[in-house]
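User: Please take a close look at one part of this model, namely the strand pairing and what surrounds it. I would like a connected account that I can follow residue by residue.

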Amino acid sequence: MDIHLILICLLYRLVVCEPQCSKFDYEEKTLEKMIRTEILVEQVVSDIKQLKQQTNDAVKTVEKMKTELREGYQNMHSENALKLEEYKNTTMQEWKDRLEIKPDVLFLSKDPTTQSPSNNKPIIFGTTMYDMSQSYDNTTGIFTSPVDGMYAFTAQLCLNGGNEYIHYTIVANGQHVANSLLHGNNFCNTAQAFVVLLKGQTAFVMRRSSSMSPLRKNSDYEWCTFSGILIH
Ligand SMILES: *[C@@H]1O[C@H](CO)[C@@H](O)[C@H](O)[C@H]1NC(C)=O
Ligand SMILES: *[C@@H]1O[C@H](CO)[C@@H](O)[C@H](O)[C@H]1NC(C)=O
């Protein structure tokens, strides 16, 4: 009788038990929960990936901006440096020009190397009495300006005899700056010129035309000379 009752009771429980107590139901719920969790995790992972990508992009943008800024700054800096250097160069050059202590330029050379100088060639005054800046070449007759400046040049020529004559000129930087004629009773005369020469430009005395052997040579009393001085 007792066993019978227990059996009935068991059966009843098996058949009538509430659905939530079922093992299948529990597993189904767990599965569902797991799937939902998985989906959530995937979402989170994807979000993280996206966030990472966005962060990377942002970092790249910032890097790019940094590079651009640096380049911009460098360009600006070098442009300014160039301008400053230009300014410094011109200002310094101006002051240098103003403050420059010019060398003493003064020379005198005499005694033409020949009585019959060639046409349109420098007359060579071979004996240099002084030449403070070593600017007159007594083998070519050419003075070469050592600095920019205003110069004075003087040529004195003396005739060999009463029947001689010579047309001559001082040539400075390729230009005739003092044309003269010496003849007859004027035994000596001088020609003078004031000129501006740049450094490296030349000056010399040149025969234009003459009688056969016009120049007086090696006389103690009458000197043929070429001289020059830097005035300023
Ligand atoms: C400035 O002067 C220096 C030295 O003479 C030269 O090398 C440089 O090129 C000059 N710079 C400018 C911008 O003129
Ligand atoms: C020629 O010029 C050089 C350099 O100035 C000088 O040393 C030399 O003594 C000169 N020659 C004559 C003959 O004056």
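Analyst: A convenient place to begin is Val171, whose bridge partner in β9 is Phe204. The structure is a predicted model, and the account below should be read in that light.

The pair Val171 and Phe204 belongs to the contact between β6 and β9, two strands that run antiparallel and are joined by 7 bridges. Strand β6 covers residues 165–172, and strand β9 covers residues 202–210. Strand β6 also pairs with β7, again in the antiparallel sense, and here the pairing extends over 8 bridges. Within this second pairing, Tyr168 is placed opposite Ser180 of β7.

Strand β9 has a further partner in β4, a strand of residues 142–144. The two pair in the antiparallel sense over 2 bridges. Ala203 of β9 is the residue that stands opposite Phe143. Thus Ala203 faces Phe143, while Phe204 is the bridge partner of Val171.

These pairings can now be placed in their sheet. It is an open sheet of 5 strands, ordered β3-β4-β9-β6-β7, and its pairing is antiparallel. At the edges are β3, made of residues 136–137, and β7, made of residues 175–183; each of these pairs on one side only. In the order of the sheet, β9 stands between β4 and β6.

A second open sheet is also built from 5 strands, with the order β2-β1-β10-β5-β8 and antiparallel pairing. Its edge strands are β2 (125–131) and β8 (188–197), each of which pairs on one side only. On average, neighbouring strands of this sheet are turned by 15° against each other, direction ignored. The edge strand β2 pairs with β1, which comprises residues 106–112, in the antiparallel sense over 5 bridges. One of the residue pairs in this contact is Phe107 with Asp131, the latter lying in β2.

Next come the surroundings of ligand 2. The residues around this ligand are Gly126, Thr127, Thr128, Gln134 and Asn138. This shell divides into 5 polar residues, no nonpolar and no charged ones. Three of the contacts with oxygen atoms of ligand 2 can be described individually. A polar side-chain atom of Asn138 is 2.3 Å from an oxygen atom of the ligand. For Thr128, a backbone N or O atom lies 2.9 Å from an oxygen atom of ligand 2. In the case of Gln134, an N or O atom of the side chain is 3.5 Å from an oxygen atom of ligand 2. Taken alone, ligand 2 exposes 360 Å², and the protein buries 47% of that area.

For the wider setting, the domain assignment of the chain gives domain 1 as residues 31–100 and domain 2 as residues 106–230. The centres of domain 1 and domain 2, taken over C-alpha atoms, are separated by 72 Å.

Ligand 1 has its own surroundings, formed by Glu85, Glu86 and Asn89. A polar side-chain atom of Glu85 lies 2.9 Å from a nitrogen atom of ligand 1. A polar side-chain atom of Asn89, in turn, lies 2.4 Å from an oxygen atom of ligand 1. Ligand 1 taken alone exposes 360 Å², of which the protein buries 37%.

To return to the starting point, Val171 and Phe204 are bridge partners in an antiparallel pairing of β6 with β9, within the sheet ordered β3-β4-β9-β6-β7.

Technical notes
Residues numbered from 1 in each chain as written. Chains lettered and ligands numbered in written order. Predicted model: local features only at pLDDT ≥ 70, side-chain atom pairs only at ≥ 80, totals over all residues. Heavy atoms only, no water. Domains from an automatic or database assignment. Near = heavy atom within 4 Å. Polar contact = N/O pair within 3.5 Å; in protein donor to acceptor, adjacent residues only side chain to side chain. Areas by Shrake-Rupley, 256 points an atom, 1.4 Å probe, with all protein chains shown as cover. Nonpolar A, V, L, I, M, F, W, Y, C, P; charged D, E, K, R; others polar. Pairing = 2+ DSSP bridges. Helix = DSSP H or I, 4+ residues; strand = E, 2+ residues; numbered from the N terminus. Axes fitted to C-alpha atoms, helices over the stretch in contact; angles between N-to-C directions.
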